[in-house]
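Visitor: I would like to learn how to read a sheet and its surroundings in a model of this kind. Could you take me through it feature by feature?

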Amino acid sequence: RTYLERLGGTLADVVQVTVFVKDVSGLREIHEARLQAFSPPYPTSTLVAVSAFVHPDALIEINAVAAIKSAR
């Protein structure tokens, strides 16, 4: 959110989210967080289970794509 705002955008500009997790048992919590962060129309969403991250203590990684109109 902070990074989007620095670029003149908001979470409403997010069009696609990919969530990488080590453990899919937290799917309900991930879904609830998504519902709190975004509003309709929701961005497309993909969940990917992985065995490891570059940072060994990480449990989740989120990649988001936003379409922000230029102020030019």
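Guide: Let us start with residues that face each other across paired strands. In this predicted model, Val 17 stands opposite Ala 64, a residue of strand S3, and Thr 18 stands opposite Asn 63 of that strand.

Visitor: In which sense do S1 and S3 pair, and over how many bridges?

Guide: The general idea is that strands of a sheet pair through backbone hydrogen bonds, in either a parallel or an antiparallel way. Here strand S1, residues 14-21, pairs with S3 in the antiparallel sense, and the pairing extends over seven bridges.

Visitor: And in which sense do S1 and S2 pair?

Guide: Those two strands run in the parallel sense, paired over six bridges. As an example of facing positions, Gln 16 stands opposite Thr 44 in S2.

Visitor: What is the order of the strands in the sheet?

Guide: The order is S2-S1-S3, in an open sheet of three strands whose pairing is mixed. Strand S2 (44-49) and strand S3 (60-66) stand at the edges, and because each has a single partner strand, one side of each is left without a neighbour in the sheet. From one strand to the next, the twist averages 15 degrees.

Visitor: Which strands does helix H2 touch?

Guide: H2 packs on the sheet and touches S1, S2 and S3, while its direction makes about 155 degrees with that of S2. The helix itself covers residues 27-37, with Leu 27 among them.

Visitor: How should I place these elements along the chain, and what is their order from the N terminus on?

Guide: It helps to count the elements before following their sequence: the protein chain has two helices and three strands, and from the N terminus on they run α-β-α-β-β. Of the contacts in the chain with a separation of 6 or more, 79% are accounted for by residues 24 or more positions apart.

Visitor: Where does Pro 41 lie, and what is notable about the peptide bond that leads to it from Pro 40?

Guide: Pro 41 lies in the loop between H2 and S2. The peptide bond from Pro 40 to Pro 41 is cis, with an omega angle near -5 degrees.

Visitor: Let us go back to the edge strands and take single residues. Is Ala 64 buried, partly exposed or exposed?

Guide: For such a reading one compares the relative accessible area with two cut-offs, under 20% for buried and over 50% for exposed. Ala 64, in strand S3, has a relative accessible area of 46% and is therefore partly exposed. If neighbours within four places in sequence are left aside, Ala 64 is in contact with Val 14, Gln 16 and Val 17. For a distance across the model, the C-alpha atoms of Ala 64 and Glu 29 are separated by 18 Å, the two residues being 35 residues apart along the chain.

Visitor: How does Ile 62, which is also in strand S3, read: buried or exposed?

Guide: Ile 62 is exposed, because its relative accessible area is 54%. With neighbours within four places in sequence set aside, its contacts are Val 17, Thr 18 and Val 19. Between Ile 62 and Thr 2, which are 60 residues apart in sequence, the C-alpha to C-alpha distance is 14 Å.

Visitor: Which residues does Thr 46 touch at the other edge of the sheet?

Guide: Thr 46, found in strand S2, touches Gln 16, Val 17, Thr 18 and Val 19, when residues up to four places away in sequence are not counted. Its relative accessibility is 38%, so Thr 46 counts as partly exposed. Thr 46 and Ala 66 are 20 residues apart in sequence, with their C-alpha atoms 15 Å apart in space.

Visitor: Which residues make the nonpolar patch on the surface?

Guide: Val 24, Leu 27 and Leu 47 make that patch, and its area is about 230 Å². Leu 27 has 45% relative accessibility and so counts as partly exposed.

Visitor: And what do the totals for the chain look like?

Guide: The accessible surface of the protein chain comes to about 5700 Å², with 56% of it belonging to carbon and sulfur atoms. Of the 72 residues in the chain, 18% are buried, and the C-alpha trace spans about 45 × 25 × 15 Å along its principal axes.

Definitions and conventions:
Residues are numbered from 1 along each chain as its sequence is written. This is a predicted model: local features need pLDDT of at least 70, side-chain atom pairs count only at pLDDT 80 or more; totals for chains, interfaces and linings use all residues. Side-chain values use heavy atoms; hydrogens and water are left out. Patches are made of residues with over 30% relative accessible area and no salt bridge: like charges are joined within 9 Å, nonpolar side chains (Val, Leu, Ile, Met, Phe, Trp, Tyr) within 5 Å. Accessible areas come from the Shrake-Rupley method with a 1.4 Å probe; for residues, only the protein chains shown count as cover. A salt bridge is a side-chain nitrogen of Lys or Arg within 4 Å of a carboxyl oxygen of Asp or Glu. Helices (H or I, at least four residues) and strands (E, at least two) are DSSP runs, numbered from the N terminus. Buried means under 20% relative accessible area, exposed over 50%, partly exposed in between (1.4 Å probe, protein chains only). Two strands pair if DSSP finds at least two bridges between them. Axes are lines fitted to C-alpha atoms, for helices over the stretch in contact, and angles run from 0 to 180 degrees between N-to-C directions. Contact means heavy atoms within 4.5 Å.
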